[in-house]
Amino acid sequence: MKTRITLMVAMMTIAISAAAMPYTEASKKALFLSDKMAYELNLSESQYEAAYEINLDYLLNIDEESDVLGFLWQIRNRDMKEVLADWQYDNYMASEWFCRPFSTSGDGWTLAIYDRYQEGQLLMDEPSTFVSYHGGHNQMEDSFYAGCQFDKPVSTMYLGQVE
């Protein structure tokens, strides 16, 4: 009985992994999205690294259209709330290209940030976690980032303007 359950879990994991976005593609998209978040939301280095991890976890687990704004999206927003200062989170939620990262384009889905920025051009250096983090922090009931200390800027710099 245990063998059957283990086999079924393994088969489901393989099926889900096969349908999800490949790691290389997800890491590039997460880097691009996080890079623009770092620029527009004035993220500190520690926030930038956490945002990259959160975005990568989200993109690696998107399997179907219902995932885009479903449970995975809620986990992403919960984690971002832990990482960002209140004013940053308010701006994040107000930005369609950050809060709702996917938009429909022709036959499928694309990152909404590509409507705002040309794909490929990075404004920041890669976060140090770009080469070492391979996903998995979004697997917990509580946020992995709860209780972590982040250098949260007090400036309300947003979209190149000071409020």
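What follows is a working chat about a predicted model of one protein.

Reader: How many helices and strands does the protein have?
Author: This predicted model has seven helices and four strands.

Reader: In what pattern, read along the sequence?
Author: The pattern is α-α-α-α-α-α-α-β-β-β-β.

Reader: What percentage of the residues count as buried?
Author: The protein has 163 residues, and 45% of them count as buried.

Reader: And how much area does the protein expose?
Author: About 9,400 Å². Carbon and sulfur atoms supply 54% of that area.

Reader: Contacts next. Of those with a separation of 6 or more, what share comes from residues 24 or more positions apart?
Author: Such residues account for 73% of those contacts.

Reader: Let's take K29. Where does it lie?
Author: K29 is part of helix α2, which covers residues 23-40.

Reader: Buried or exposed?
Author: K29 counts as buried, because its relative accessibility is 16% and the cut-off for buried is under 20%.

Reader: What is K29 in contact with, leaving aside neighbours within four places in sequence?
Author: With M21, L59, L111 and Y114.

Reader: Changing topic: which residues make the nonpolar surface patch?
Author: Y39, L123 and M124 make the patch, and its area is about 260 Å².

Reader: Where is L123 found?
Author: L123 sits in a loop, with β2 (108-111) on one side and β3 (157-158) on the other.

Reader: Why does L123 count as partly exposed?
Author: Because its relative accessibility is 39%, and partly exposed covers what is between under 20% for buried and over 50% for exposed.

Reader: Now the interior. How many cavities of 30 Å³ or more are there?
Author: The count is one.

Reader: How much space lies in the largest cavity?
Author: About 30 Å³.

Reader: What's the idea behind looking for cavities with a probe?
Author: A probe the size of a water molecule is rolled over the atoms, and this shows where empty space is left.

Reader: Back to the model. Which residues line the largest cavity?
Author: The lining consists of I54, D57, Y58, L72, I75, R76, D79 and N138.

Reader: Which elements give two or more residues to that lining?
Author: Helices α3 (45-61) and α5 (71-83) do.

Reader: And which one gives the largest share?
Author: That is α5, with four residues of the lining.

Conventions:
Residues are numbered from 1 along each chain as its sequence is written. This is a predicted model: local features need pLDDT of at least 70, side-chain atom pairs count only at pLDDT 80 or more; totals for chains, interfaces and linings use all residues. Side-chain values use heavy atoms; hydrogens and water are left out. Patches are made of residues with over 30% relative accessible area and no salt bridge: like charges are joined within 9 Å, nonpolar side chains (Val, Leu, Ile, Met, Phe, Trp, Tyr) within 5 Å. Accessible areas come from the Shrake-Rupley method with a 1.4 Å probe; for residues, only the protein chains shown count as cover. A salt bridge is a side-chain nitrogen of Lys or Arg within 4 Å of a carboxyl oxygen of Asp or Glu. Buried means under 20% relative accessible area, exposed over 50%, partly exposed in between (1.4 Å probe, protein chains only). Contact means heavy atoms within 4.5 Å. On a 1 Å grid over the protein atoms alone, a cavity is a set of points where a 1.4 Å probe fits but cannot get out, and a pocket is an open set with protein on both sides within 12 Å along at least five of seven lines; lining residues have an atom within 4 Å of a point. Grid points are joined across faces, edges and corners, and a volume is the space filled by probe spheres set on the points.
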